[in-house]
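User: I keep reading labels on protein models and want to know where they come from. Can you take me through the reasoning?
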Amino acid sequence: CYGTVLNWVHHLKFNYATKSKSYMVDGHEHKEQKKHRKELTTEYITVIETRCHRWVQMSVEDFDALPDRAEILSSGYTYKGIDGTDMIELHVDDHACRSQME
């Protein structure tokens, strides 16, 4: 019922108003915001990103041409690409060099 909806709208502090022109001031270049963004970006790149699971997708032909193919676990998921190319998807965290990075 319209009355129930209107009661909820008012309860949630929404109001009906005609469209009016306005502008918004974005503080994304304020000194404090720049500092926060730099800290967050640094933490993401150095801490969070290194803990994320990584997948690599490439054609089977490119995979077979890799010089260190024997060191890479080839138990990846294989599938056909959109253009019919044989593709492989590998979980990079399973690679031996991953443990050397930590």
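Analyst: Sure, and keep in mind that this is a predicted model. Let's begin with the sheet: it is open, has three strands in the order β1-β3-β2, and its pairing is antiparallel. The edge strands, β1 (55-59) and β2 (77-80), each pair on one side only. On average, neighbouring strands in this sheet are turned by 25° against each other, direction ignored.

User: What makes β1 and β3 count as paired strands?

Analyst: Two strands pair if DSSP finds at least two bridges between them. Five bridges join β1 to β3 (residues 86-91), so the pair passes that cut-off. These two strands run antiparallel. As one example, S59 has M87 in β3 as its bridge partner.

User: Why is the contact between K80 and D86 called a salt bridge?

Analyst: The rule asks for a side-chain nitrogen of Lys or Arg within 4 Å of a carboxyl oxygen of Asp or Glu. For K80 and D86, the closest N and O atoms are 2.7 Å apart, so the label fits.

User: And how do you know whether K80 and D86 are buried or exposed?

Analyst: Exposed means over 50% relative accessible area, and K80 has 56%, so K80 is exposed. D86 comes to 40%, which lies between the 20% and 50% cut-offs, so D86 is partly exposed.

User: How many salt bridges are there by this rule?

Analyst: Three. One of them joins K34 and E29, with 3.5 Å between the closest N and O atoms. K34 is partly exposed at 40% relative accessibility, and E29 is partly exposed too, at 44%.

User: What about E39 and K35: what makes that pair a salt bridge?

Analyst: Their closest N and O atoms are 4.0 Å apart, and the pair is counted as a salt bridge under the 4 Å rule. E39 and K35 sit four residues apart in helix α2 (residues 31-48), so about one helical turn separates them. K35 is exposed at 54%, while E39 is partly exposed at 45%.

User: Why are Y77 and Y79 called stacked?

Analyst: Two checks here! Ring centres must lie within 6.5 Å, and these are 5.6 Å apart, so the rings pair. Planes under 30 degrees apart count as stacked, and here the angle is 20°, so "stacked" is the right word. The structure holds one aromatic pair. Y77 is exposed at 54%, and Y79 is partly exposed at 23%.

User: What makes K13 worth a look?

Analyst: Its backbone angle. Most residues other than glycine have a negative phi. The phi of K13 is near 70°, a positive value in a residue that isn't glycine. K13 is found in the loop between α1 (2-11) and α2. With a relative accessible area of 72%, K13 is over the 50% cut-off, so it counts as exposed.

User: Last one: which residues make the nonpolar surface patch, and how does I48 qualify for it?

Analyst: The patch is made by Y44, I45, V47 and I48, and covers about 340 Å². Patch residues need over 30% relative accessible area, and I48 has 37%, so I48 meets that condition. By the exposure labels, that 37% makes I48 partly exposed. I48 lies in helix α2.

Notes:
Residues numbered from 1 in each chain as written. Predicted model: local features only at pLDDT ≥ 70, side-chain atom pairs only at ≥ 80, totals over all residues. Heavy atoms only, no water. Buried < 20%, exposed > 50% of the residue type's maximum accessible area, 1.4 Å probe, protein only. Axes fitted to C-alpha atoms, helices over the stretch in contact; angles between N-to-C directions. Patch = residues over 30% accessible without salt bridge, like charges linked within 9 Å, V, L, I, M, F, W, Y side chains within 5 Å. Areas by Shrake-Rupley, 256 points an atom, 1.4 Å probe, with all protein chains shown as cover. Phe/Tyr/Trp six-rings, centres within 6.5 Å; stacked < 30°, edge-to-face > 60°.
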